Each structure stands twice: as structure tokens, then as C-alpha cells.
Amino acid sequence: MIIKLLEPLGVPSALIEKLASPLEKAGHEFVYYKEKTTDTKELAERSKDADIVMIANNPYPKEAFQQAKNLKLINVAFTGVDHVDQEAAKAQNIQIANAAGYSNTAVAELVLGLTLDVLRKISFGNQSVRLGEEVSIIQGNEIKGKTVGIIGTGNIGLETARLFKAFGAKLIGYNRSEKEAAKELELEYLSLEDVLQRSDIVSVHLPLNNETTHLLSKEKLTLMKPEAILINAARGPIIDNEALAELLNEEKIAGAGIDVFDEEPPLFEDYPLLTAKNTVLTPHVGYLTDEAMVTRAHIAFENVEKYLAGNPQNIIQ
């Protein structure tokens with residue numbers, strides 16, 4: 001089979017070559033494109049004769065693979081697959097796999113970092129010191145003793161819950177189904193409305209789909225305490241970000257730490273969160289650590305090996 005890695009995976013080429021070696025020894029052709037492209041025509045050219053393509057978080061629309069008549073598997077080295085045209089893939093009987101689990105720790109740790117930054121005003125203090133500004137004492141808040149609402153108790157949500165618990169927080173959560181692992185952390189499941197009303201810190205950990213788009217609407221966000229903060233390192237469109245900015249500026253929500261947006265950064269100059277009060281923004285880097293990149297490379301190649309052996313893993317469609 002022809003296996004093509006269409007974009008870099010954030011690891012040294014030597015690791016890619018090492019992971020690809022068993023595939024080549026088994027008689028498969030492996031092609032590695034070391035330059036990322038967002039050009040659909042170029043993606044289509046790279047994909048056209050492949051049996052398996054490997055991508056990361058680069059958009060992969062139907063035009064990129066509809067002429068790839070031999071394509072059997074889109075192997076996504078990422079947790080979310082909303083950047084792939086799943087309906088078109090299904091129509092062509094192409095399976096999709098992801099790299100679930102590779103960034104659990106990375107995302108969870110960024111959530112804690114954003115929370116600490118918002119509560120203790122770390123970025124604000126850093127800027128003030130560097131600019132030589134006269135600043136009154138910056139009085140913040142602690143995580144210990146706070147009620148943390150975990151919206152979405154999948155693997156990343158659970159890892160985040162464990163970290164918050166280690167800080168001494170009380171855990172509540174919302175999910176379509178209750179997880180035994182969450183209950184072992186003494187997380188109490190409640191309705192979405194109750195989680196929003198009772199939480200001092202709300203952390204979002206849901207996939208993006210038709211059901212979750214703008215799940216946290218203005219109506220839902222107004223349920224939050226005025227002293228509560230919101231952290232989102234999942235997917236931007238889960239939240240009505242215009243409404244969130246409005247509520248932050250009106251001081252009806254105390255602060256926010258946001259790693260994901262309605263589109264990938266750089267953001268438009270008038271994007272509402274850019275001017276929202278007490279908001280820490282990062283450029284969609286929750287997944288991006290050296291350790292996570294190595295782990296996802298291993299998972300991505302394991303997906304290929306398992307698929308070729310007739311025992312596919314991480315198939316989501």
C-alpha cells in the first residue's frame with residue numbers, strides 16, 4: 001500500500017523514519033511531506049494515489065481527497081477530527097482514525113496554567129513589571145476550596161479533574177453519560193445548568209459537533225456566578241464567544257482563559273475576546289508539548305500498523 005504523511009508532526013525526521021521503517025520493510029511505500037500546505041489543490045495532488053493518508057490538524061476538505069480513488073483510511077494525528085469532511089469520507093467508504101489520548105496531560109496542564117494565570121493575574125503582573133508601571137498590590141484567588149465544573153468528562157476532562165483535585169478543589173461535572181472514573185474522583189454529576197450555576201471555575205472539555213456548537217450560549221453563560229471564571233481548551237465554537245466577551249466586559253463573569261476560538265489565530269482585529277476584560281488568550285497550543293508530539297507520532301503509526309494487520313484501532317468512523 002501507499003502511505004503518505006501529508007504534513008510534519010512536530011517531531012524530528014529521524015523519529016518519522018524510525019517509525020516508518022517497519023512499514024517499508026513490510027513492502028509498503030511511505031512518502032513524507034516535510035512542508036505543510038493549506039492549498040487544497042496541493043493536498044489533492046499529494047493524496048491522489050494514496051491508500052492511507054496521515055494528517056495532523058491541517059484542514060482536509062472533500063476536495064483534497066475526492067479524487068483519491070484508492071484511499072481507505074484518513075489517519076488523523078489529532079484528537080478532534082472536525083477539520084476533516086467526515087460526510088464526504090463516509091460517502092467514499094473511507095474510514096477515519098484519530099490519535100486519542102496523546103495530549104491528555106498537555107491540555108490538562110494548560111487548563112491549570114490558564115486558571116492560575118486568570119486567578120493570580122500572572123500575565124498582567126509580568127507586563128506591569130516589564131513596563132515599569134506603578135501597580136497597586138495584585139490580589140488574586142486560590143484554587144483550593146473552589147468548586148470546579150468539568151463540562152465533558154472524557155479522558156482530557158478526567159485528567160483535568162485529577163489536577164484540580166490535587167489543588168484541593170471540589171469537583172462537579174456534566175456529561176451525557178456518567179463515568180465510574182469520575183465518581184472515583186468524587187466528582188458529582190449534575191445538569192449543565194446546575195454546573196454553571198454552582199461552579200467557581202468552569203472548564204470545557206467537549207468535542208465539537210452539531211449538538212455542542214454554541215452549547216454555552218449567552219443564556220447558559222448568564223447562569224454563571226459573577227465571580228466565576230471560564231476556561232476553554234476544547235473547541236472555540238462550543239461557546240458563543242461574542243456573548244462571553246460581552247459578559248466579561250459587563251463583569252457578569254469574572255474572567256476567562258481561552259486557547260481555542262471560532263477560527264484559528266491570527267484572529268481578526270475586531271474579534272470580541274481580544275478586548276474582553278480579565279482574559280488570558282493562547283494561540284491553540286493546549287496539545288503542543290514536546291512529549292505530546294512524540295506520543296502522537298507513535299499512536300499515528302500504530303494506527304497504520306494495526307489497520308494493515310486487520311485489527312484497526314482508534315477508528316471513529
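# A tour of two pockets and some loops

The lining of the second largest pocket breaks down into 11 nonpolar, six polar and six charged residues. (Ala, Val, Leu, Ile, Met, Phe, Trp, Tyr, Cys and Pro count as nonpolar, Asp, Glu, Lys and Arg as charged, and the others, Gly among them, as polar.) Before you click on anything, know that this is a predicted model: local features need pLDDT of at least 70, side-chain atom pairs count only at pLDDT 80 or more, and totals for chains, interfaces and linings use all residues. Residues are numbered from 1 along each chain as its sequence is written, and side-chain values use heavy atoms, with hydrogens and water left out.

**Stop 1: the second largest pocket**

Select N57, D82, H83, E264 and H284. Of the 23 residues lining the second largest pocket, these lie nearest its centre. The pocket's volume is about 450 Å³. A pocket here is an open set of points on a 1 Å grid over the protein atoms alone, where a 1.4 Å probe fits, with protein on both sides within 12 Å along at least five of seven lines; lining residues have an atom within 4 Å of a point. Volume is the space filled by probe spheres set on the points, which are joined across faces, edges and corners.

**Stop 2: the largest pocket**

Now select T79, H205, L206, P207 and L208. Which pocket has these residues nearest its centre? They belong to the largest pocket, which has 42 lining residues and a volume of about 1,300 Å³. Two elements, α4 (104–120) and α6 (155–166), give two or more residues each to this lining. The top contributor is α6, with three residues. (Helices, H or I with at least four residues, and strands, E with at least two, are DSSP runs numbered from the N terminus.) Colour the lining by class and you'll get 16 nonpolar, 20 polar and six charged residues.

**Stop 3: the annotated spans**

Highlight residues 18–314. In an unreviewed UniProt entry, this span carries the label "domain: D-isomer specific 2-hydroxyacid dehydrogenase catalytic". The span is 35% helix and 14% strand, and its end C-alpha atoms are 22 Å apart.

Next, highlight residues 113–286, which the unreviewed UniProt entry labels "domain: D-isomer specific 2-hydroxyacid dehydrogenase NAD-binding". Here the end C-alpha atoms lie 10 Å apart, and the span is 31% helix and 16% strand. Such annotations may be inferred rather than shown by experiment; their positions use the numbering used here, and feature names are shortened.

**Stop 4: V118**

Zoom in on V118 in helix α4. Is V118 buried or exposed? V118 is buried, because its relative accessible area is 2%; the cut-offs are under 20% for buried, over 50% for exposed and in between for partly exposed, with a 1.4 Å probe and protein chains only. Show the neighbours of V118, leaving aside those within four places in sequence: contacts (heavy atoms within 4.5 Å) include I229, G255, A256, G257, N278 and V280. Try a distance, too: V118 and H284 are 166 residues apart along the chain, and their C-alpha atoms are separated by 17 Å.

**Stop 5: D200**

Move on to D200, in the loop between α8 (192–198) and β9 (201–204). D200 counts as buried because its relative accessibility is 17%. What does the side chain of D200 make a polar contact with? Its partner is the side chain of K225, at 2.9 Å. (A polar contact is a pair of N or O atoms within 3.5 Å, one able to donate a hydrogen and the other to accept it within protein; residues adjacent in sequence count only if both atoms are side-chain atoms.) Not counting residues up to four places away in sequence, D200 touches K146, T147, K225, E227, A228 and I229.

**Stop 6: unusual backbone spots**

Most residues other than glycine have a negative phi, and most peptide bonds are trans. Select H214, in the loop between β9 and α9 (218–221): it isn't a glycine, yet its phi is positive, about 55°. H214 is partly exposed, at 37% relative accessible area.

Then jump to N278, in the loop between β11 and β12, where phi is also positive, near 45°. N278 counts as partly exposed, at 34% relative accessibility.

Finish at P266, in the loop between β11 (255–258) and β12 (279–281). The peptide bond from P265 to P266 is cis, with omega near 5°.
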